[in-house]
Amino acid sequence: MSAIQVKNLQKYYQVYKKEPGLKGSFKAIFNRRYENVKAVDDISFSIEAGELIGFIGPNGAGKTTTLKTLSGLLHPTTGSVQVLGFKPFERRDEFKKSIALVMGQKNSLWWDLPPMETFLLNKEIYDVSDNDFKKVSDELIELLDVQAILHIQTKKLSLGQRMKCELIASLIHQPQVLFLDEPTIGLDVVMQKVMRDFIQEYNKRYKATIILTSHYMEDVKQLAKRVVVIDHGKLLFDGQLSEIVKKFADYKVLTVDFNDTVDEKKIKALGTLVSLQDRKAVISVSKEKIAHATEKLFKNFSVEDLTVEEPDIEDIIRQLFARKKV
Amino acid sequence: MKKYLQLLKLSFDLYTTYRFNFVLWRVRQFAFFASLIFFWQAMYSNTTNVLGYNQSQMLTYVVGLAFLRSIILATRTSDIASEIKEGTLSRFLLKPIGFYQYWASLDTIDKIFNLGFSLIEITVIVALFNFSFYIPHEPMTFLYFGIIVILATVLHFFMSIILSFFAFWTEDIWAARWLFGIIFLEFFSGAFFPIDMLPVTVQNIIYATPFPYLLFFPAKIWLEQLSVTQIIQSIVICGLWTVAFAYMANYIWAKGSKNYGAYGG
């Protein structure tokens, strides 16, 4: 049975538009124009237990709204959502005890008290036994290496330290389903790697189902085999990460080293010139023309080295989002 | 139950973390007590009776009221409005913890602190100004008083929560809270002066609202100025208002939490 099922989910927000300035404010008192914003617009997908999927989309795509609906914070406008057989919005205690939502830019630790106090409070809130608490917290504290900062006021911790503690606080009750909303945001590359490794380890060790959103493709590339891509509230893609390349990339990238300097115009005739530096050119060529282009290259130029590659996933996704916006 | 004890402990930790803030808060309370005494002592300098209250009764009323306020009106539930607005309410909704129980726990520690320190401060003031604080003669009065104070505390808890719930629909509830807090709460509950100083028609209007049951009736019971029938009546009415407001809070919560935007992030 799948751990998470989303069927035709829609979530609309009502917002009112205010013109800027004082005049706009007065107008808004008497006459308000409300508009429906379709944050999530008819999305369906399902996730198996133990799966770790990447949930990607540009800002405002509806990722966070979806996660909030899945964790029971928001009531779906229409459609149905099931997590571990529960309807999230009913907010049953058993449901809450088996999930966790971690948001990268939100703080759930008690700001004025050391992280350990929040851990202990969560232990009680989630009815975690003393033994389990000791076992899990020791394990997490060691994995994330936060022993030294457990008794320092939360507000005095660095962002990276706080995120680590944030994760521990959310995992004390060993949730089976984990929603991670940009857990690596604002972290340096070293910390990003630590977080990534940790998420992977947690997924394996606890057989947890995880949905991860991130703006860093590295996160998704390393962690998730399967990705769900959404934009403007609509589902664009759901499948293996490698499939994105096949499905959306209709071109390949040629990197050529020439023996002599070359005429830019001549290269442009082969395909789209991405860059030309000294004697090195990067050209993107549509798939059906690739044979023709390489043939021409060897015929017309003195080529030292040539590689033909699939385009970078990041580029494809960027183009995917850019295309949808037009 | 243990989770709420842990919450109590954390709130206690918070108070002790900010010692300076804590001291200032108590100084403010003390200054407030003292200024009330000065005012009424001046009022009684030429007369022994102001609208049916002698000096001892009046001073007991105002000091006692300051004390009642610190138990009944002290609440953290006004924070709920900003929690809703800023989306931080999410962290409770995600956790298996009772919403009312959570806020009641925070309030309890607030009230325990208030109660303890107010008792000390009142003792100091009574000794300092050397006036006779009215102590009830009838043992039953303490029982009635205890019951109505508990009811009034719960009543105000739900009133304040309902007011905060309006944040589900409106952007800002500052104006509503001000209207409620200053006009109704302070005036109609008898926080400024005893309601029975007012003309009878006005009194009757006020008695039809829940506000006098918050402070005025508890104070009257302490002063033993009500008959047993009146006491029972006021306790029953206070209880009915409490039940009504609890229902209303639940209803508004059910409606409002569907409207909750979980903003931010």
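# A guided tour, starting in helix H7 of chain A

Begin by selecting A:Asp197 and A:Lys193, which stand four residues apart in helix H7 of chain A and are therefore separated by about one helical turn. The model in front of you is a predicted one, and the tour moves through it one selection at a time. An α-helix has 3.6 residues a turn, so residues three or four places apart point the same way. In this pair the two side chains form a salt bridge, with the closest N and O atoms 2.9 Å apart. A:Asp197 is partly exposed, with a relative accessible area of 32%, and A:Lys193 also counts as partly exposed, at 42%.

Next, select A:Lys252 and A:Glu310, whose closest N and O atoms are 3.9 Å apart in another salt bridge. Here A:Lys252 lies in strand E10 (residues 251–258) of chain A, while A:Glu310 is in the loop between strand E13 (303–309) and helix H12 (313–325), so the pair ties together parts that are 58 residues apart in sequence. A:Lys252 is partly exposed at 25% relative accessibility, and A:Glu310 is partly exposed at 43%.

Now show both chains and select A:Glu124 together with B:Lys2, whose side chains meet in a salt bridge of 3.8 Å, taken from N to O. Which parts of the two chains does this pair join? A:Glu124 belongs to helix H4 of chain A and B:Lys2 to helix H1 (residues 2–17) of chain B, so the salt bridge links two chains. A:Glu124 counts as buried, because its relative accessibility is 12% and the limit for buried is under 20%. Over all chains, the count of salt bridges comes to 25.

From there, move to helix H5 of chain A, residues 130–144, and look along its length. Its 15 residues should span 21 Å at 1.5 Å a residue, and the end C-alpha atoms are indeed 21 Å apart, which agrees. Select its buried residues, which are A:Phe133, A:Val136, A:Ser137, A:Leu140, A:Ile141 and A:Leu144. Where do they sit around the axis? They cover an arc of only 125°, which puts them on the same side of the helix. If you add the surrounding helices to the view, you will find that these buried residues pack against helix H4 (115–125), helix H6 (159–171) and helix H7 (189–206) of chain A. The face turned away from the buried side carries the exposed residues A:Asn131, A:Lys134 and A:Glu142. Just after the helix comes A:Asp145, whose phi is positive, near 55°.

Step back to see chain A as a whole, which holds twelve helices and 13 strands. Its C-alpha trace spans about 75 × 60 × 45 Å along the principal axes, and buried residues make up 51% of its 326 residues.

Turn then to chain B and select B:Ser234 in helix H11 (residues 228–259). Is this residue buried or exposed? B:Ser234 is buried, with a relative accessible area of 2%, and, leaving aside residues up to four places away in sequence, it touches B:Ile148, B:Tyr213, B:Phe217 and B:Ile221.

For the last stop, select B:Trp174, B:Trp178, B:Leu179, B:Ile182 and B:Ile183, which form a nonpolar patch on the surface with about 540 Å² of accessible area together. Within this patch, B:Ile182 is placed in helix H8 (residues 174–188) of chain B, and B:Ile182 is partly exposed, with a relative accessible area of 37%.

Conventions: Residues numbered from 1 in each chain as written. Chains lettered and ligands numbered in written order. Predicted model: local features only at pLDDT ≥ 70, side-chain atom pairs only at ≥ 80, totals over all residues. Heavy atoms only, no water. Patch = residues over 30% accessible without salt bridge, like charges linked within 9 Å, V, L, I, M, F, W, Y side chains within 5 Å. Areas by Shrake-Rupley, 256 points an atom, 1.4 Å probe, with all protein chains shown as cover. Salt bridge = Lys/Arg side-chain N within 4 Å of Asp/Glu carboxyl O. Buried < 20%, exposed > 50% of the residue type's maximum accessible area, 1.4 Å probe, protein only. Expected span 1.5 Å × (residues − 1). Arc of directions from axis to C-beta. Contact = heavy atoms within 4.5 Å.
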